[in-house]
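Biologist: Please take a close look at one part for me: the salt bridges. I want to know who pairs with whom and where the partners sit.

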Amino acid sequence: MASRLFGTGNAANSVKYFNIRLDQSTLVLRGNEEEASSVLLKGTLVLCLAEPLKVQNVRLRFTGERRVGCGGQKKDDQFLRKYWSFEPPGLSRGGTLAADNYEWPFDYVIPGNTPESVEGLDDSWIVYRMKATIDRGILAQNIITRKHIRVVRTLDTAALELFHEMRVDNTWHDKIDYTLSTPTKGVIFGTTVDVNFRIASLLKGLKIGEVNTSLVETQDMWIDPKYPERKKGTITRPVAEDKFDFPQDQETELVDGHDAWVFSRRLTLPKSLRQCLQTVDTMGIRTKHSLNFAVNLINPDEHVSKLTASLPLQIYISPTLLMDEDNTISTDHLGGMDPGAFAVGAPPQYGQHRSDVLYSDLDPAGYVTPAGTLSGFSTPFNSQSRRASADNLAALASASTTASFTPIALQSRLNNLDNATGADMTSSYLPNSNSSENPSATLSRQVSDDGIDHCSPQHFEYSPEQMNKVPSYSTALQSQHQTPINEVPPIYQPFDR
């Protein structure tokens, strides 16, 4: 809410700017009331005077207010109060402030169990407000500015609601076997809910008719939360709905040995708190949300049966998709992209993979992975390798599927790999030339008396012409930096105590 300035006469001409500047007007509490950490409300009260102004004092007030209305009754109270009083140095009671710019910093720690803001209802709410006042005395009108603050309680990134799939599985005897599910229980306010259906017919000739999915909100209100049995009002309203006629020509899929209809629907949630609240239970205001299903089943004799089920959901406000002063989420800055992709939440589930390299040579159907790059000896996607490996990885993969490696076979492959790597390493350090290889550039290996293979010092010759050639920046970035090894690590001798 933009700050409003109230005043008349010469005071309005003297005060050019009077505002409450907050570091954050939305305070985010992560987790429930038992787990959430405290957050800091911090800001500055700013006053700009073009002319001297006679004042008594400057004060600031921060309050949390609650109203609950149900059954024709209403109750208002304040559950949080914090006051600040600011007086410039040298100002006595009834003094005068000189024409100047004034700033008074303030801060306040919001505990983690503070009730979250509940806004959007006509007769019930929990709101937080700040009010700054310049007290000018008895016969003069005070100058006032206000600021609205929102306290949001969101799910922690490790909350189970962000990981657990919500599903209902059941069998209608001699009719259908079905599974209805959503990816997670927690849903970000103002985004969408993906609903997955799997319906397997156990009755020949059974068809699916209209499929209805709706999100229903239930509001429970108590005038006095300490005595919930005394007065309670309940309101139920649908907040989102999706209806469609199932196409009769849709093919079935084989799932768990049964032919089943498998399809998905997407339910779009409202973006205004006037149409839908977040899931909350605090200070006598409780809202719950459930996803209700109704599927019409057309029997072979043409009479219609109805399958009904429901799943609980928790709608929470994301710190990256906050409301404006009209209690509405604006997604214009997202450029038409999915709002849920910008929300801060848990890491993606395992099933939501992209460009995964399969661990074993599985059937790639249904996996989003580069074509032709199965696991084992395939080069990873977007590889920056300059040259292919000298090892015969294809033979290694085929051998691993038939028999286990013997120590002799492993030692032989290791020696071949070392020889190939040594030769390749030598050529990578030598300049390109039409002349024959320099004998001093070859790697020599010898076996010591203790049976340990040592590398002798390596000597490389460089010509001044080659060293003066500076590669381009892109070539240097793509090159593999290798440093000649002049000595091997020390050998640890056995130690006798």
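Modeller: A search of the whole structure, which is a predicted model, finds 15 salt bridges. I will go through three of the pairs, then a network, then a sheet.

Start with Arg59 and Asp135. Their side chains meet in a salt bridge at 3.4 Å, N to O. This pair links distant parts of the chain. Arg59 belongs to strand β5 (residues 57–70), Asp135 to strand β9 (residues 125–135), and 76 residues separate them. Arg59 is partly exposed, with a relative accessible area of 33%. Asp135 has 17% relative accessibility, and the cut-off for buried is under 20%, so Asp135 counts as buried.

Next come Arg198 and Asp177. Their side chains form a salt bridge of 2.7 Å, N to O. Arg198 lies in strand β14 (residues 192–201) and Asp177 in strand β12, so the salt bridge ties together parts 21 residues apart in sequence. Here the Arg is the buried partner: Arg198 has a relative accessible area of 16%. Asp177 is partly exposed, at 23%.

The third pair is Asp220 with Arg286. The side chains meet at 2.9 Å, N to O. Asp220 sits in strand β15 (residues 207–222) and Arg286 in strand β20 (residues 285–298), so parts 66 residues apart in sequence are tied together. Asp220 counts as buried, at 3% relative accessibility. Arg286 is partly exposed, with a relative accessible area of 22%. Beyond these pairs, Glu165, Arg167 and Asp169 are joined into one network by salt bridges that share partners.

Now the sheet. Strands β12 and β14, which hold Asp177 and Arg198, are both part of an open sheet of five strands. The order is β11-β12-β14-β18-β17, with antiparallel pairing. Strands β11 (166–172) and β17 (253–255) stand at the edges. Each has a single partner strand, so one side of each is left without a neighbour in the sheet. On average, neighbouring strands of this sheet are turned by 30° against each other, direction ignored.

The β11 edge can be followed residue by residue. Seven bridges join β11 to β12 (residues 176–182), and the two strands run antiparallel. One partnership is Met166 with Thr182 in β12.

Notes: Residues are numbered from 1 along each chain as its sequence is written. This is a predicted model: local features need pLDDT of at least 70, side-chain atom pairs count only at pLDDT 80 or more; totals for chains, interfaces and linings use all residues. Side-chain values use heavy atoms; hydrogens and water are left out. Two strands pair if DSSP finds at least two bridges between them. Helices (H or I, at least four residues) and strands (E, at least two) are DSSP runs, numbered from the N terminus. Axes are lines fitted to C-alpha atoms, for helices over the stretch in contact, and angles run from 0 to 180 degrees between N-to-C directions. A salt bridge is a side-chain nitrogen of Lys or Arg within 4 Å of a carboxyl oxygen of Asp or Glu. Buried means under 20% relative accessible area, exposed over 50%, partly exposed in between (1.4 Å probe, protein chains only).
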